[in-house]
Amino acid sequence: VRGLFPHCEECFFGRSGERCRSSLAPRAAASQRPLKACVVFLMYDTVNKEYFRYMLKTLSALQRHFLSRFPYPVIIFHSSKYASRMHKGGPTWIDSIRSAVNVSMEFHMVDLQYPKYLRPWSQVRITCPRYRYPRALNYVLMIHFFSVHWFRHPALRGYDYVWRLDGDL
């Protein structure tokens, strides 16, 4: 945010110029530890091949354009549906992603529950014809997870920064 500190035009939040005396700016001598960061996805949609293909394309592009230079771990939260088999006798959806993309990944199953503070889903009237059940319900579950639960998830403890991406970019 330029101009946050009027005494110095070089000051940005979290950075410092030669004349910047911001208490929010990192001190060079304080700590030289490497940045602890990760990339996070949530596979929440009903298991469908289109979303799965988008996820593979997104992970491949992320590896090619970013992770090859900055090898941060990728954490993928997923619903229990993605731990199931793609077809009888075949690999699980998770195993297929793991074998298709050369990225350091962790998978964590999350229980996506309908929020108790909302009206029961059967009473919710959806006014937009484009979003029908179950797509709209999946969206509600995703929003609830990212607004309430993911900050407290044990997999994210110890990280300074988390970059959340959608699987269908």
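Which residue in S2 does Phe41 stand opposite? Hold on to that question for a moment while we get our bearings. What you have in front of you is a predicted model, and its chain contains 3 helices and 4 strands. Follow the chain along the sequence and you meet them in the pattern β-α-β-α-β-α-β. Of the 169 residues, 36% count as buried. Contacts between residues far apart in sequence matter for the picture too: taking contacts with a separation of 6 or more, 64% are between residues 24 or more positions apart.

Let's begin with the strands. The 4 strands make an open sheet in the order S3-S2-S1-S4, with parallel pairing. At the edges sit S3 (105-109) and S4 (161-164), each of which pairs on one side only. If you look from strand to neighbouring strand, they are turned by 25° against each other on average, direction ignored.

Now walk across the sheet, starting from the S3 edge. S3 pairs with S2 (residues 74-78) in the parallel sense, over 5 bridges. Here Val74 stands opposite Met105 in S3. The next step goes from S2 to S1, another parallel pairing over 5 bridges. This is where the opening question gets its answer: Phe41 stands opposite Ile76 in S2. One last step takes you from S1 to S4, which run parallel and are joined by 4 bridges. Ala37 has Tyr161 in S4 as its bridge partner.

S1 deserves a second look. How many of its residues are buried? The count is 7 of the 7, so S1 is largely enclosed by the rest of the structure. You can see this on both faces of the strand. On one side are Ala37, Val39, Phe41 and Met43, on the other Cys38, Val40 and Leu42, and all of them are buried. So Phe41, the residue we began with, belongs to one of these covered faces.

Next come the helices that lie against the sheet. H1 packs on it and touches S1 (37-43), S2, S3 and S4, with a direction that makes about 170° with that of S1. H2, for its part, lies across S1, S2 and S3 and runs at about 170° to S3.

How do the two helices sit relative to each other? Two packed helices are described by the angle between their axes and the distance between the axes. For H1 (residues 49-67) and H2 (residues 93-100), the axes come within 10 Å and cross at roughly 30°. Angles under 35 degrees count as roughly parallel, and H1 and H2 are therefore roughly parallel to each other. Their crossing is right-handed.

And which residues do the touching? From H1 come Lys49, Phe52, Met55, Leu56 and Leu59, and they meet Trp93, Ser96, Ile97 and Ala100 in H2. Sorted by class, this contact has 7 nonpolar, 1 polar and 1 charged residues.

Let's finish by zooming in on one residue from that contact, Ser96, which lies in H2. Is Ser96 buried or exposed? Its relative accessibility is 11%, and buried means under 20%, so Ser96 counts as buried. Leaving aside residues up to four places away in sequence, Ser96 touches Phe52, Met86 and Pro91. Phe52 is a residue you have already met, as one of those in H1 that take part in the contact with H2.

Definitions and conventions:
Residues are numbered from 1 along each chain as its sequence is written. This is a predicted model: local features need pLDDT of at least 70, side-chain atom pairs count only at pLDDT 80 or more; totals for chains, interfaces and linings use all residues. Side-chain values use heavy atoms; hydrogens and water are left out. Axes are lines fitted to C-alpha atoms, for helices over the stretch in contact, and angles run from 0 to 180 degrees between N-to-C directions. Helices (H or I, at least four residues) and strands (E, at least two) are DSSP runs, numbered from the N terminus. Angles under 35 degrees count as roughly parallel, over 145 as roughly antiparallel, 65 to 115 as roughly perpendicular and the rest as oblique. A crossing is left-handed if the near helix is turned anticlockwise from the far one by less than a right angle, and right-handed if clockwise. Contact means heavy atoms within 4.5 Å. Ala, Val, Leu, Ile, Met, Phe, Trp, Tyr, Cys and Pro count as nonpolar, Asp, Glu, Lys and Arg as charged, and the others, Gly among them, as polar. Two strands pair if DSSP finds at least two bridges between them. Buried means under 20% relative accessible area, exposed over 50%, partly exposed in between (1.4 Å probe, protein chains only).
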